[in-house]
Amino acid sequence: MTEDELRQAHGDVWRFRAEMNGVFPTPGRDDSLVFAFTEVAEALDALMRENPVYKRNNDKEHTIERELAQCAMMLLTAVPSGFRDWDSLDTYKFVAVWTPRQIAIRVAMCLEVPSDIPYILRTIMAIGTAINLPEKLSQELDRMRDKYKPKPEPKRKMNDSEWWSDDNPVRYPQQQEGLTIADYSEGGGVE
């Protein structure tokens, strides 16, 4: 994962947070790091479920990639939306692929020192060695939008008592001046 991809991921997560805040509240930094830790634990759980030796429930929808993407989302949430110190950030390209266990240890260290933004960002980059983070994060944000975004209420047919209410969106054109459609006044009929 490059620094540009990291910046893009940060912006994507905070746009998601702004869009979904009413239905998917944004936690503070410390809680975001706790959520990141639970997600990396779920990645380890998914890893253990892949081992056929253990008699575990293997039909859960957890995948290592999905849980690591959710972990990265929570780590990115722990980095303030207004973070602007990208140029002085001391990141480096990881040459080895990090395992979920190694990533879990890094996430635990983020809990230890929640104010160490460079370490949090390097942890996200470590996740990027294990999965295609830009792709998986985008997929996960889309999945969560579909799951949590409120659906518009279906239109319903109006009953007779609602036709004449003030809330009825149907409006008839105003009568043109001088045009009489019918005259029902007294004496207006034929003699």
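**Close-ups of a six-helix chain**

**View 1. The whole chain.** The protein chain has six helices and zero strands (DSSP runs numbered from the N terminus: H or I of at least four residues for helices, E of at least two for strands). This is a predicted model, where local features need pLDDT of at least 70, side-chain atom pairs count only at pLDDT 80 or more, and totals for chains, interfaces and linings use all residues. Residues are numbered from 1 along each chain as its sequence is written, and side-chain values use heavy atoms, leaving out hydrogens and water. Of the 191 residues, 34% are buried (under 20% relative accessible area, 1.4 Å probe, protein chains only).

**View 2. The lining of the largest pocket.** A pocket here is an open set of points on a 1 Å grid over the protein atoms alone, where a 1.4 Å probe fits, with protein on both sides within 12 Å along at least five of seven lines; lining residues have an atom within 4 Å of a point. Look for 19 lining residues, with F24, E39, Q70, M144 and Y148 nearest the centre. Helices α2 (29-49), α3 (64-78) and α6 (133-148) each chip in two or more residues, and α3 gives the most, with five.

**View 3. Around R49.** R49 sits in helix α2 and is buried, at 14% relative accessible area. Its side chain makes a polar contact with the side chain of D45 at 2.8 Å (a pair of N or O atoms within 3.5 Å; within protein, one must be able to donate a hydrogen and the other to accept it, and residues adjacent in sequence count only if both atoms are side-chain atoms). H62 is 13 residues away from R49 along the chain, and their C-alpha atoms are 9.1 Å apart.

Notes:
Buried means under 20% relative accessible area, exposed over 50%, partly exposed in between (1.4 Å probe, protein chains only).
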